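Visitor: I should like to go through this protein one question at a time. Please show it to me first.

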Amino acid sequence: MTGLADARDAAGADTAAIDADEPTLAAVADDRAEATGASHLAAAADIRIATPDDLTAIMTIERDSFATDAWNESSMAAELASPHGRYLVVERAGDVIGYGGLRALPGARDGDIQTIALAAVARGSGQGRALLRALIDAAAQRRVREVFLEVRADNPTAHGLYVSEGFEEIGRRPRYYQPDDVDAIVMKLDVRRWQERKIPDEGVRR
Ligand SMILES: CC(C)(COP(=O)(O)OP(=O)(O)OC[C@H]1O[C@@H](n2cnc3c(N)ncnc32)[C@H](O)[C@@H]1OP(=O)(O)O)[C@@H](O)C(=O)NCCC(=O)NCCS
């Protein structure tokens, strides 16, 4: 994911309320899940826009997921409040079980997936893919053409997910993640190509 310094930049000085003009993300995710034959996922969990009230639940998952480089609470709060971002949560039975964030400045052609994480108990059942797709849909709604992200070189699960959605490696940042001394893989997705790609019967984009 994008580094904390970038995230802090993204939070910036603007903390205006999240605009409510894109309320259809859950519906978009549901439509996509149905289109990909994964409607059981849409029924099991809901993807909605994050609010400041989700901060505590998000921070619990954040700290569990990123032991050595979790964002602090104030940085996350600023991210949730930034008008330049779109944070989503996955909710199941009233509990937040995952979250992810997109940064896309108004009018910009490119955006960044800032972070994405599922609670440990919720991983491996397709929720991460559904959330990633909802974030890319949010980028498309903002007319973003290219989405970038960074992933730790020692995270094959996340890397595999991104590759299977069409992200391509465009570079590496040696020893980017400290104190673990792990490289960052920088990846890019062509949003239009992602939208146009045919969806095979099994529901997984290849
Ligand atoms: C990365 C993460 C968001 C993926 O979400 P998820 O719900 O576990 O993943 P999904 O069930 O949607 O699976 C999507 C793909 O991830 C990969 N994947 C999932 N679980 C995997 C595992 N145990 N081993 C290897 N690859 C795995 C596969 O490519 C899978 O696609 P497939 O089911 O078609 O094979 C989630 O595992 C997570 O929160 N991890 C900890 C935080 C993190 O690493 N975030 C990413 C930072 S860049």
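Guide: This is a predicted model. We may begin with the outward side of helix α4: the face turned away from its buried side carries exposed residues, namely T56, T60 and D64.

Visitor: Which residues of α4 are buried, and on which side of the helix do they lie?

Guide: A residue counts as buried if 20 or more other C-beta atoms lie within 10 Å of its own. In α4, this applies to L55, I58, I61 and E62. They span an arc of only 130 degrees around the axis, which places them on the same side of α4.

Visitor: Against which elements do the buried residues of α4 pack?

Guide: Helix α4, residues 55-65, lies across β3 and β4, and runs at about 80 degrees to β3. Its buried residues also have a helical partner, α5 (73-81). The elements they pack against are therefore α5, β3 and β4.

Visitor: How many residues of β3 are buried?

Guide: Strand β3 comprises residues 95-103, and α4 lies across it. The strand is mostly covered. The number of buried residues is eight of its nine.

Visitor: How many bridges join β3 to β2, and how many join β3 to β4?

Guide: β3 runs antiparallel to β2, residues 85-92, and antiparallel to β4, residues 110-118. On the β2 side, R92 stands opposite D95 of β3. On the β4 side, G98 has L118 as its bridge partner, and L102 stands opposite I113. The bridges number eight to β2 and six to β4.

Visitor: Which residues take a positive phi in the hairpin of β2 and β3 and in the hairpin of β3 and β4?

Guide: The hairpin of β2 and β3 has two residues between the strands, and the positive phi there is near 50 degrees. The hairpin of β3 and β4 has six residues between the strands, with a positive phi near 80 degrees. The residues are A93 in the hairpin of β2 and β3 and G107 in that of β3 and β4.

Visitor: Which strands stand at the edges of the sheet, and why is one side of each left without a neighbour?

Guide: Seven strands form an open sheet of mixed pairing, in the order β1-β2-β3-β4-β5-β7-β6. Each edge strand has a single partner strand, so one side of it is left without a neighbour in the sheet. The edge strands are β1 (46-49) and β6 (168-177).

Visitor: What is the average twist from one strand to the next?

Guide: The twist is taken from one strand to the next in the open sheet of seven strands. Its average is 25 degrees.

Visitor: Which element gives the largest share of the shell around the ligand?

Guide: The ligand is surrounded by 21 residues, the closest being R123, G128, R129, G160 and L161. The elements that give two or more residues to this shell are β4, α6 (127-141) and α7. Helix α7, residues 156-165, lies across β5 (146-152) and β7 (182-190), at about 155 degrees to β5. With six residues, the largest share comes from α7.

Visitor: How do the residues of the shell divide into nonpolar, polar and charged?

Guide: Glycine is counted among the polar residues in this division. The shell around the ligand divides into nine nonpolar, 10 polar and two charged residues.

Visitor: What percentage of the residues of the protein count as buried?

Guide: The protein has eight helices and seven strands. Among contacts with a separation of 6 or more, residues 24 or more positions apart account for 65%. Of its 206 residues, the share that counts as buried is 36%.

Note on methods. Residues are numbered from 1 along each chain as its sequence is written. This is a predicted model: local features need pLDDT of at least 70, side-chain atom pairs count only at pLDDT 80 or more; totals for chains, interfaces and linings use all residues. Two strands pair if DSSP finds at least two bridges between them. Helices (H or I, at least four residues) and strands (E, at least two) are DSSP runs, numbered from the N terminus. Axes are lines fitted to C-alpha atoms, for helices over the stretch in contact, and angles run from 0 to 180 degrees between N-to-C directions. Two residues are in contact if their C-beta atoms, placed from the backbone, lie within 7 Å. A residue is buried if 20 or more other C-beta atoms lie within 10 Å of its own, exposed if 12 or fewer, and partly exposed in between; C-beta atoms are placed from the backbone. The arc is that of the directions from the helix axis to the C-beta atoms. A residue is near a molecule or strand if its C-beta atom, placed from the backbone, lies within 6 Å of it.
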